[in-house]
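Here are some notes to go with your first look at this one. Keep the viewer open and click along as you read.

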Amino acid sequence: MIPTNQTTTAASDISHPDLAEMIIEGESPILVRPPGTDDGWGIYELIKACPPLDVNSAYAYLLLATQFRDRCAVATLGDGEIVGFVSGYVKTNAPDTFFLWQVAVGEKARGTGLARKLVETVLRREHQAGVRHLETTITPDNEASWGLFRRLAQRWQAPLNSREYFSEEQLGGEHDPENLVRIGPFDPQQI
């Protein structure tokens, strides 16, 4: 085994508020924090419960939770149940652009504004200081995602543009087309 300096979050530590970047008060407080090694399976289960999101392998979510943890966030209830997740990366060819891969909010956390809070938590991190654009892909019929991105653009007072990115044919004919949606430029102080 190769030693690593990677910080992880043990399942027994998940409910500790001092690990949270944000606490959303309510009947059951929600903690937002970077994911850790014990979160991959919980993220996988959350995504499965949030159609129409594409479900990737549990291994892919474990990689995101460890190798890309600085660009992701999970939201948990006090008992450690994962009720929210956002993943993404800064584009190599456009270092001022954060590409949001997936955002999911479980049934127990819907109506709390959690999707927006997850996105903004990741974008507020110090290493994201140079980001001025947010991109994602959305299928034409995913009203929840369209609504989120329209609200973000309005909140950040930034333009929102969209165009077809992947056609149904490019996706093997078994998936709806994906539109590339871009918000920005935005002022990080607006986030």
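Which residues in H3 are buried? Keep that in mind for point 1, and remember throughout that this is a predicted model.

1. **Helix H3.** The buried residues of H3 are Leu114, Ala115, Lys117, Leu118, Val119, Glu120, Thr121, Val122 and Leu123. That makes nine of the eleven residues in this helix, which runs from 114 to 124, so "mostly covered" is a fair label, given that buried means under 20% relative accessible area. Note that the list includes Lys117 and Glu120 as well as residues such as Leu118 and Val119.

2. **Glu178, a buried charge.** Have a look at strand S8, residues 178–183, where you'll find Glu178. What is the nearest side chain of opposite charge to Glu178? It's Arg163, and that one is 12 Å away. Glu178 is buried and has no salt bridge; a salt bridge would need a side-chain nitrogen of Lys or Arg within 4 Å of a carboxyl oxygen, so Arg163 doesn't provide one. The Glu178 side chain does have a backbone partner, though: it reaches the nitrogen of Ile138 at 3.3 Å.

3. **A negative patch.** Next, turn to the surface and pick out Asp141, Glu143, Glu164, Glu168, Glu169 and Asp176, which gather there in a patch of negative charge. One of them, Glu164, sits in strand S7, which spans residues 160–166.

4. **Cys72.** Is Cys72 buried or exposed? Its relative accessible area is 0%, so Cys72 counts as buried. You'll find Cys72 in the loop that links helix H2 (58–67) to strand S3 (73–77). Try a distance to Tyr89 too: the two are 17 residues apart in sequence, and their C-alpha atoms are 8.2 Å apart in space.

5. **Gln157.** This residue is not a glycine, yet Gln157 has a positive phi, about 55 degrees. The loop between helix H4 (143–156) and S7 is where Gln157 is found. With a relative accessible area of 65%, Gln157 is exposed.

6. **Cis peptide bonds.** Where should you look for cis bonds? Pro51 and Pro52 are joined by one, with omega at about 15 degrees, and Pro52 lies in the loop between helix H1 (40–48) and H2. Another runs from Gly184 to Pro185, where omega is near 5 degrees. Pro185 belongs to the segment after S8.

Terms used:
Residues are numbered from 1 along each chain as its sequence is written. This is a predicted model: local features need pLDDT of at least 70, side-chain atom pairs count only at pLDDT 80 or more; totals for chains, interfaces and linings use all residues. Side-chain values use heavy atoms; hydrogens and water are left out. Patches are made of residues with over 30% relative accessible area and no salt bridge: like charges are joined within 9 Å, nonpolar side chains (Val, Leu, Ile, Met, Phe, Trp, Tyr) within 5 Å. Accessible areas come from the Shrake-Rupley method with a 1.4 Å probe; for residues, only the protein chains shown count as cover. Lys and Arg count as positive and Asp and Glu as negative; His and the chain ends are not counted. The place of a charge is taken as NZ of Lys, CZ of Arg, CG of Asp or CD of Glu. Helices (H or I, at least four residues) and strands (E, at least two) are DSSP runs, numbered from the N terminus. Buried means under 20% relative accessible area, exposed over 50%, partly exposed in between (1.4 Å probe, protein chains only). A polar contact is a pair of N or O atoms within 3.5 Å; within protein, one must be able to donate a hydrogen and the other to accept it, and residues adjacent in sequence count only if both atoms are side-chain atoms.
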